[in-house]
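Welcome, and thanks for taking a look at this one with us. Please keep the sequence and the structure side by side as you read the notes below.

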Amino acid sequence: MALSKQFVSNNGYRSNLQRNYEVVNVGSNPARFAFFYEDIRGQNWSSGTQGLDMDLEVLRFYHSFMKQGATVILPIVAFSSVSGYLNRYPSSKRYLAKFASILDGLQIKYHPKFKDLCSYMQYPLLYNFSALRYLVKDIDPDRRLDISEQPMQAIEMEEDARCWIEKCWKPEFNIQSLDAPLTKELQEGRDVSVLMMCNMIEFLRERGYKPVIVSLPMSAALCAYFTPRAYETYITSFIRIFEQMGIPCLDYTYDNRFTRHEYYFNALFMNLKGRKAFTHQVLEDIKRIGTLD
């Protein structure tokens, strides 16, 4: 799988020099399209659709590839703070199998629900008949990481931002208004998100790594939907919890250096130009606060 290329195998590890990473990040799709490491031994460990629970699983299995005292960026986006709400629904076998596929053979057996995944991974066509078409026609490769410009016009960006809010996130989290207080269910999801973040922080601190929380920027088209009240509810109040724990937190949500449409290929995901500029600034800021040597 193309996905596995970003994860280093343990096979022949004594001669494998792709180790001792100085900085890594986990995170979901926005993180996958936010970080591009140059002139530093770094690695983007976002596999795309990746919840906080799987962030921790990836760190558990791959932290040995980091150097002692390495920096680990824990990205958050607008609804990371309530993403625990989605734990109400069982993870699909396809979602879990994706993570099993990037682990080494000895590690896979420790993967959550691995026994349930065995038949799915051995006989995927039995669970997904629509995949039969790929026996005669291969799937087109994902070229989005190669996009270096903004292909959308301003009105298209605005429509894309509206779709993210109205057709994706509001239905997904059962939100009627971004300015409304959290519902009981979302507050429970917030508690789960806090616990998962704390578990990651504890895991990293116990091993001498340096966690840094980074709130990722959004395009101006998306920022327009987040009033000060929504921003406080979904982002700053969440960040404040970890600041009080002594965790460095960098918030770029509204940073006008990175909200410009030219840095994105849609309303949410950064293009290559944006990733390079953003990552450079994040690393400079992390060095400034003394978290990266």
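Is Thr236 buried or exposed? In this predicted model, Thr236 is buried, because its relative accessible area is 16% and the cut-off for buried is under 20%. Below you will find that residue in its setting, followed by the strands, a helix, two loop positions, some backbone angles and the salt bridges.

**Thr236 and its surroundings**

- Thr236 belongs to helix α9, which covers residues 228–243.
- Setting aside residues within four places in sequence, Thr236 is in contact with Tyr231 and Asp251.

**Strand β1 and its partners**

- Strand β1 takes in residues 21–25, and 4 of its 5 residues are buried, so the strand is mostly covered.
- β1 and strand β3 (residues 66–76) run parallel and are joined by 4 bridges.
- Within that pairing, Val24 has Val72 of β3 as its bridge partner.
- Strand β2 (residues 42–44) also runs parallel to β1, with 3 bridges between them.
- Here the bridge partner of Asn25 is Asn44 in β2.

**Helix α10**

- Helix α10 runs over residues 272–288, 17 residues in total.
- From first C-alpha to last, α10 reaches 24 Å, close to the 24 Å expected at 1.5 Å a residue.
- At the N-terminal end, Asn271 acts as a cap for α10, with a side-chain oxygen 3.2 Å from the backbone nitrogen of Lys273.
- After α10 comes Gly290, which has a positive phi near 80°.
- The buried residues of α10 include Leu272, Phe278, Val282, Leu283 and Ile286, and among them are also Arg275 and Asp285.
- What do the buried residues of α10 pack against? They pack against β1, α1 (29–32), β3, β4 and β5 (249–251).

**Two loop positions to compare**

- Leu216 sits in the loop between β4 (210–215) and α8 (220–223).
- With a relative accessible area of 4%, Leu216 is buried.
- Not counting residues up to four places away in sequence, Leu216 touches Pro30, Ala31, Ala34, Phe35, Pro75, Ile76, Val77, Tyr252, Thr253 and Phe278.
- Leu216 and Leu250 are 34 residues apart in sequence, and their C-alpha atoms are 8.8 Å apart in space.
- Pro151 is placed in another loop, the one between α5 (114–122) and α6 (154–173).
- Pro151 is exposed, at a relative accessible area of 58%.
- Leaving out residues up to four places away in sequence, Pro151 touches Glu156, Tyr264 and Phe265.
- Pro151 and Glu262 are 111 residues apart along the chain, with 8.9 Å between their C-alpha atoms.

**Positive phi outside glycine**

- Asp39 is not a glycine, yet its phi is positive, near 60°.
- Asp39 lies in the loop between α1 and β2, and its relative accessibility of 85% makes it exposed.
- Asn174 is likewise not a glycine and has a positive phi of about 55°.
- Asn174 is found in the loop between α6 and α7 (184–206), where it is partly exposed at 47% relative accessible area.

**Salt bridges**

- How many salt bridges are there? The count comes to 11.
- Side chains of opposite charge can pair when their charged atoms come close.
- Glu57 and Arg60 form one such salt bridge, at 2.9 Å from N to O.
- Why are Glu57 and Arg60 separated by about one helical turn? Because they are 3 residues apart in helix α2 (residues 52–62).
- Glu57 is buried at 14% relative accessible area, whereas Arg60 is partly exposed at 43%.
- Arg260 and Glu262 meet in a salt bridge with an N to O distance of 3.3 Å.
- Arg260 is partly exposed at 36% relative accessibility, and Glu262 is partly exposed at 36% too.
- Asp285 and Arg288 make a salt bridge as well, at 3.7 Å from N to O.
- Asp285 is buried at 9% relative accessibility, while Arg288 is exposed at 59%.
- Arg260, Glu262 and Lys273 are joined into one network by salt bridges that share partners.

Terms used. Residues numbered from 1 in each chain as written. Predicted model: local features only at pLDDT ≥ 70, side-chain atom pairs only at ≥ 80, totals over all residues. Heavy atoms only, no water. Buried < 20%, exposed > 50% of the residue type's maximum accessible area, 1.4 Å probe, protein only. Pairing = 2+ DSSP bridges. Contact = heavy atoms within 4.5 Å. Expected span 1.5 Å × (residues − 1). Polar contact = N/O pair within 3.5 Å; in protein donor to acceptor, adjacent residues only side chain to side chain. Salt bridge = Lys/Arg side-chain N within 4 Å of Asp/Glu carboxyl O.
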